[in-house]
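Visitor: I am new to this structure and should like to learn how its features are read. May we go through them one at a time?

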Amino acid sequence: MRQKELRIALVCYGGISLAVYMHGVTRELWQLARASRDFHTDGAPRSGVDAVYRNLLERIQEEHGLRLRVMPDIMSGASAGGINAVFLAQAIHSGQSLEPLTDLWLEVADVDQLVDPAARLRWRLSKIWAQPFANWLLSRPGSDMAHTVAQETRREVERKVSHLIRGRWFEPPFSGLGFSKLLERAFAAMEQTRAEGPLLPPGHPLDLYVTATDFHGYMELLHLHSPPVVEDTEHRMPISFRVRTPVHGGENLANPLELVFAARATASFPGAFPPLRLEEMDALSEASGRSWPGRDAFLERIMPIHVMRDTIDNVSLIDGSVLVNKPFGGAIEALRGRPAQREVDRRFIYVDPRPDRFGGADGIKHEPVGFFSAIFGSLSTLPREQPIRDNLEQLEQQTREAERVTHIVSLLRPEVDAAVEKLFGRTLFLDSPTPARLGAWRRKAQQAAAEQAGYAFHSYAQSKLSGIVQRLARLALAAAPRLGLEDSGPIEAALWAELRRRGLDSLSAPGGGASPEAIAFFREHDIGFRIRRLRLLLRRAARDWEADPEIPDDALETARDHVYWILSLYFEKEGVTPLGPAFEAVAENVLADPGTLLDMLEAKRLLPEIDDRAEAMLAAALEQMPKNLRRRMLLAYLGFPYYDVATLPLSRNEGLTEFDAVKVDRISPDDAKSIREGGTQATLRGIEFYNFGAFFSRAYRENDYLWGRLHGAERMIDLVCSTFPEPFECRELKRDAFHAILDEEQAAGRCAAELIDGLRREVSERLP
């Protein structure tokens, strides 16, 4: 059975109260991943929409011979979208239920709950002279209460808007500590749910990234030509977590206070909430009774400059979407160094509840810009709506580069195969590939490729060395936040100086090929070469890359499984964790003593020993293969140095281990039209009052949450069905998913019966 992983990097935009809609979407991703985990672990069948998702996965296996696993392993978010990313990551890692977040959004994401007690009206006639302004907000063009608010909801919205306008002025109306307490209670409620198994395989990395804005910022150094160094202010403060998936459920992704910190900081909307300060989190720790033993280490990791300068008590964090509303960058960076145990279909999914934000038939408003519109737009709206073209072009460039390298390898293959056959003779492929023979053949092929490369070898060797130094410097930087460095540049400089001291200023031997010093260094530190070589074997075992009807599918699948198992040996050596706790102190001293860091990496990783294990596993796998497949794999394994000499200097992403193209999918009301046409305007209520609308009405939140689930289910099914080229009829599956969601919500009693009944009628009419 062909194995495949659908890996999802989720990006949640800031959307203020439209985060309720985004929660509905992310809940469907959670339930799809849960159904996928159950399917792969032979878990007991569930009812509801989980059963629909599992049925979809079972049908794909039965009808298309593909066993697919859905793995959301990168979560990135800004503002209120960041809250959804944080809670979803916790649910995926811990195996806990996401239901408490649903309760948080529906029950307490309301101005009556969020308003600071000190900001409430003292008596019913307070600031009664401000009531005309509240009336204007409710009746302004584009916000006609008679058309946009149901009769039974209108009085509730009018009352809350009036109280908010007439409440405390010139201070944020909402309570920061109150918001943090609500978030902490939601995490506590998650901990009380029955913890099942994590939704990712054991050991698989999970990345969480949210944006925050350091209001005061901090000074950093910039290197110029003239003057050599200047100071500039940095205000971006991303908060990230990378963890390995545990074997059993119930383990928190991080201390809940750190997760609350991330969620509260990224969603600290300017003017609505006060900035987050550390004293608020200390007060929350005391009020909740939660200890925070890793407090200092956490602060040192996310704000090392402030810790170094002893200014953490002065840090004020505001909404992350002020500077980064579409946090693709963190998700893209998380791709680096991810393991792959089988074929991967990598998707970036971004949730955009308001793609129609500019209005008009052509998407542009043509009326003149007024005085207040220009000020408000420049301060808030425009920075938040900056398009994502730069991010998408970066992903597209990465994809094009991977395709270009693949094309070059395909063109080189006849010449490389001929060179390998000439070097070893055709009888090579009749011999039994023992580990000893494989090692000898590999060394002979690498030496021949280096010698035959001529002048090109020096460029290739320098590319290899530069890539290794860059990776090692980043590793040291990640392990030593106390260094207070903005980037790995100073560490790279120290490593280069050490390498020159060790005789690596020249990599070429007088007679051609690599010098003994270069060979020794690459043997101890070039983990990228090993991974690239095994990735080439995977491509040679792929039916779509090199068709050969004489090789059976099961033989190809078995070969790929063996190569992925070998790859895992090297993936286990990547990152800071395998190096042990002593590595941190060595990394902190790297600028003064880079040699000790290199020696420790050599001693901890023991790559030559891993090579021996890998070749023993490969020899055993080759022995089981049909002769034609064995020949293909040997040609790729022994010919890899020839390919690498030609392609590595052209590649800028050699550190990426997911080598297939990255695809991007959007989820928005404009993309899910099975039930109702018209997009955002026709479905969502939270768009009222500058996207604050859902905070004023429980009915609004129920509406947006339900549409989020329905749209999420439709797009989840589209996403799964798009992982293979054959057409797949999914209309009935979508209908079943819609009815299952409505049945679940009716049983839970969270949403009004009239809303559910109306949506059920629409589903039956559109999808009979």
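Visitor: To start with a single residue, where is the place of Asp310?

Guide: One reads a position against the numbered helices and strands. Asp310 has its place in the loop between helix 13 (304-309) and strand 7 (317-319). Please keep in mind that this is a predicted model.

Visitor: Does Asp310 count as buried or exposed?

Guide: The general idea is a cut-off on relative accessible area: exposed means over 50%, and buried means under 20%. Asp310 has 66% relative accessibility, and therefore counts as exposed.

Visitor: What is the phi of Asp310?

Guide: In general, most residues other than glycine have a negative phi. Asp310 has a phi near 60 degrees, a positive value in a residue other than glycine. Asp42 may be read in the same manner: its phi is near 55 degrees, again a positive value in a residue other than glycine. Asp42 is placed in the loop between helix 1 (19-40) and helix 2 (49-64), and it counts as exposed because its relative accessibility is 65%.

Visitor: Let us turn to another aspartate. Where does Asp110 lie, and why does Asp110 count as buried?

Guide: Asp110 is found in the loop between helix 4 (99-108) and helix 5 (111-114). Its relative accessibility is 4%, so it counts as buried. The side chain of Asp110 is joined to that of Arg701 by a polar contact of 3.0 Å.

Visitor: Which residues is Val108 in contact with, leaving aside its neighbours within four places in sequence?

Guide: A contact is read from the distance between heavy atoms, with a cut-off of 4.5 Å. With those neighbours left aside, Val108 is in contact with Asp103, Gln113, Leu114 and Leu182. Val108 itself lies in helix 4, and it counts as buried because its relative accessibility is 15%. Sequence and space can also be compared: Val108 and Arg698 are 590 residues apart in sequence, and their C-alpha atoms are 9.2 Å apart in space.

Visitor: How is Glu5 to be read, and which side chain does a polar contact of 2.8 Å join to that of Glu5?

Guide: The polar contact of 2.8 Å joins the side chain of Glu5 to that of Arg7. Glu5 belongs to strand 1 (residues 2-12) and, at 2% relative accessibility, counts as buried. Not counting residues up to four places away in sequence, Glu5 touches Leu68, Arg69, Met71, Arg342, Glu343, Val344 and Asp345.

Visitor: How many cavities of 30 Å³ or more does the structure hold?

Guide: There are five cavities of 30 Å³ or more, and the largest has a volume of about 190 Å³. It is lined by 18 residues, of which Ile83, Trp105, Phe179, Phe273 and Phe695 are the closest to its centre. Helix 3 (79-94), helix 4 and helix 9 (176-192) are the elements that give two or more residues to this lining. By class, the lining of the largest cavity has 16 nonpolar residues, one polar and one charged.

Visitor: Finally, how many helices and strands are there in the protein chain?

Guide: The protein chain has 31 helices and nine strands. Of its 768 residues, 56% are buried. Among the contacts with a separation of 6 or more, 80% are between residues 24 or more positions apart. The chain exposes about 32,800 Å², of which carbon and sulfur atoms supply 53%.

Definitions and conventions. Residues numbered from 1 in each chain as written. Predicted model: local features only at pLDDT ≥ 70, side-chain atom pairs only at ≥ 80, totals over all residues. Heavy atoms only, no water. Helix = DSSP H or I, 4+ residues; strand = E, 2+ residues; numbered from the N terminus. Buried < 20%, exposed > 50% of the residue type's maximum accessible area, 1.4 Å probe, protein only. Polar contact = N/O pair within 3.5 Å; in protein donor to acceptor, adjacent residues only side chain to side chain. 1 Å grid on protein atoms, 1.4 Å probe; cavity = no way out; pocket = protein on both sides within 12 Å on 5 of 7 lines; lining within 4 Å. Points joined across faces, edges and corners; volume = space filled by probe spheres on them. Nonpolar A, V, L, I, M, F, W, Y, C, P; charged D, E, K, R; others polar. Areas by Shrake-Rupley, 256 points an atom, 1.4 Å probe, with all protein chains shown as cover.
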